[in-house]
Amino acid sequence: MTADSSNQADQLTFVSPVDRYPSISPPEQHQEEPGIESEMVPQPDIGEFSYRGTGRLIGRKALVTGGDSGIGAATAIAFAREGADVAITYLPAEESDAQEVARIISESGRRAVTIPGDLVDPTFCSQLVGLAVAELGGLDILVNNAGKQLAREGLADIPDEQMMQTFEANIFAMFRVTRAALPHLQAGSTIINTTSIQAYQPSPTLLDYASTKAAINNFSKGLAEELAPKGIRVNAVAPGPIWTVLQPSEGQPTEDLPSFGKSTGLGRAGQPTELAPAYVFLASPESSYVVGATLHVNGGQPTP
Ligand code: NAD
Ligand code: MG
């Protein structure tokens, strides 16, 4: 599940960002959501051989939802390389991807905790925090990253069930997980929410998804104001087109996959590990004066 080259350059090596990764043209492929990363063609780079830690999160304890694959996996691996112990949550069907990420975290010398469950279930949202706190011995970093994205032709094609589940998984779960985490967070803790370019440039094929991403931005800014006086910083990361299993499991129309990401300034899709430094920055004390911000990692697309 990791782009396989042990001689790959790490994120601190100077290269042109145009050429750091090839401009991929993924073949048309389809999986049932949530999709299994190890079955994607080509394999995305989640950083196993390309993320080098520099000691920025030593001893921190992090919880990353949707940490089994894609951006969440890349973030979990980067956190571990920076010295944090990491709990990841994911859907039970994703156990094989989750175990692979747990292996990479463990081989990085840090503690990996795996917590399967469905974030659409409010009970799981509060239970998972208790489990993570018990296993990690506390919590300093919460990354609300899990997300559901199903492309449909337009509004008339979005069934009620999809609309409800997308809002449950993407925004209501974020409220619930964060609410459950609050009593455990001390001054210096950070919350990072994954929003999207879709919050600014909504695609007509993603009306429900894009609406949740706009809500996540708004939630992040409001909550940042509430928690800043307590020394808890809340920020968001807004990815552009990143080659993750979200895309071939109905996140995009299948025929659009070969050109995925090519309309960005860099002319290529991003790889999950290219998101990781943004999360590390927002999690670490070096971003002490960054509060209520949205950090765009989108390969060059105009955003406010
Ligand atoms: P991904 O499929 O690898 O990760 C999403 C994860 O969300 C899944 O692994 C799954 O564990 C979790 N998830 C989904 N529904 C869930 C549910 N009901 N209960 C529990 N977990 C659930 O894809 P990704 O692209 O890495 O997605 C991570 C985040 O990045 C998402 O919030 C997504 O919206 C956002 N994002 C992705 C892109 C992109 O181009 N890939 C762009 C902008 C934003
Ligand atoms: Mg997954």
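The legends below describe close-up views of a predicted model. Residues are numbered from 1 along each chain as its sequence is written, while chains are lettered from A and ligands numbered from 1 in the order in which they are written. In this predicted model local features need pLDDT of at least 70, side-chain atom pairs count only at pLDDT 80 or more, and totals for chains, interfaces and linings use all residues, with side-chain values resting on heavy atoms and with hydrogens and water left out.

**View 1. The surroundings of ligand 1.** Ligand 1 is surrounded by 30 residues, a residue being near the ligand if one of its heavy atoms lies within 4 Å of it, and the closest are Asp 68, Ser 69, Glu 94, Tyr 209 and Thr 244. By class the shell holds 14 nonpolar, twelve polar and four charged residues, where Ala, Val, Leu, Ile, Met, Phe, Trp, Tyr, Cys and Pro count as nonpolar, Asp, Glu, Lys and Arg as charged, and the others, Gly among them, as polar. Helix H1 (70-81) and helix H5 (207-227) each supply at least two residues of this shell; helices (H or I, at least four residues) and strands (E, at least two) are DSSP runs, numbered from the N terminus.

**View 2. Polar atoms beside ligand 1.** In the side chain of Glu 94, an N or O atom is 2.5 Å from an oxygen atom of ligand 1, and a backbone N or O atom of Ile 242 lies 2.8 Å from an oxygen atom of the ligand. A polar backbone atom of Leu 119 is 2.8 Å from a nitrogen atom of ligand 1. On its own, ligand 1 has 810 Å² of accessible area, of which the protein covers 97% (Shrake-Rupley method with a 1.4 Å probe).

**View 3. The open sheet and its edges.** Seven strands in the order E3-E2-E1-E4-E5-E6-E7 form an open sheet with parallel pairing, two strands being paired if DSSP finds at least two bridges between them. Strand E3 (112-116) and strand E7 (294-297) stand at the edges with a single partner strand each, so one side of each is left without a neighbour in the sheet. At one edge, strand E2 (residues 85-90) runs parallel to E3 and is joined to it by five bridges, with Pro 116 in E3 as the bridge partner of Tyr 90. At the other edge, strand E6 (residues 233-239) pairs with E7 in the parallel sense over four bridges, and Ala 236 stands opposite Thr 294 in E7.

**View 4. The two faces of strand E3.** In a regular strand the side chains alternate between the two faces of the sheet. Along E3, Val 113 and Ile 115 point to one face and are buried (under 20% relative accessible area, with exposed meaning over 50% and partly exposed in between; 1.4 Å probe, protein chains only), whereas Ala 112, Thr 114 and Pro 116 point to the other face and are not buried.

**View 5. Leu 257 in its loop.** Leu 257 is placed in the loop between helix H6 (247-251) and helix H7 (276-283), and this residue is buried, with a relative accessible area of 0%. Although Leu 257 and Pro 26 are 231 residues apart along the chain, their C-alpha atoms are separated by 5.9 Å.

**View 6. Backbone details at Pro 34 and Glu 250.** Glu 33 and Pro 34 are joined by a cis peptide bond with omega at about 10 degrees, and Pro 34 lies in the segment before strand E1 (61-65). Glu 250, which lies in helix H6, has a phi near 75 degrees, a positive value in a residue other than glycine.

Key:
Polar contact = N/O pair within 3.5 Å; in protein donor to acceptor, adjacent residues only side chain to side chain.
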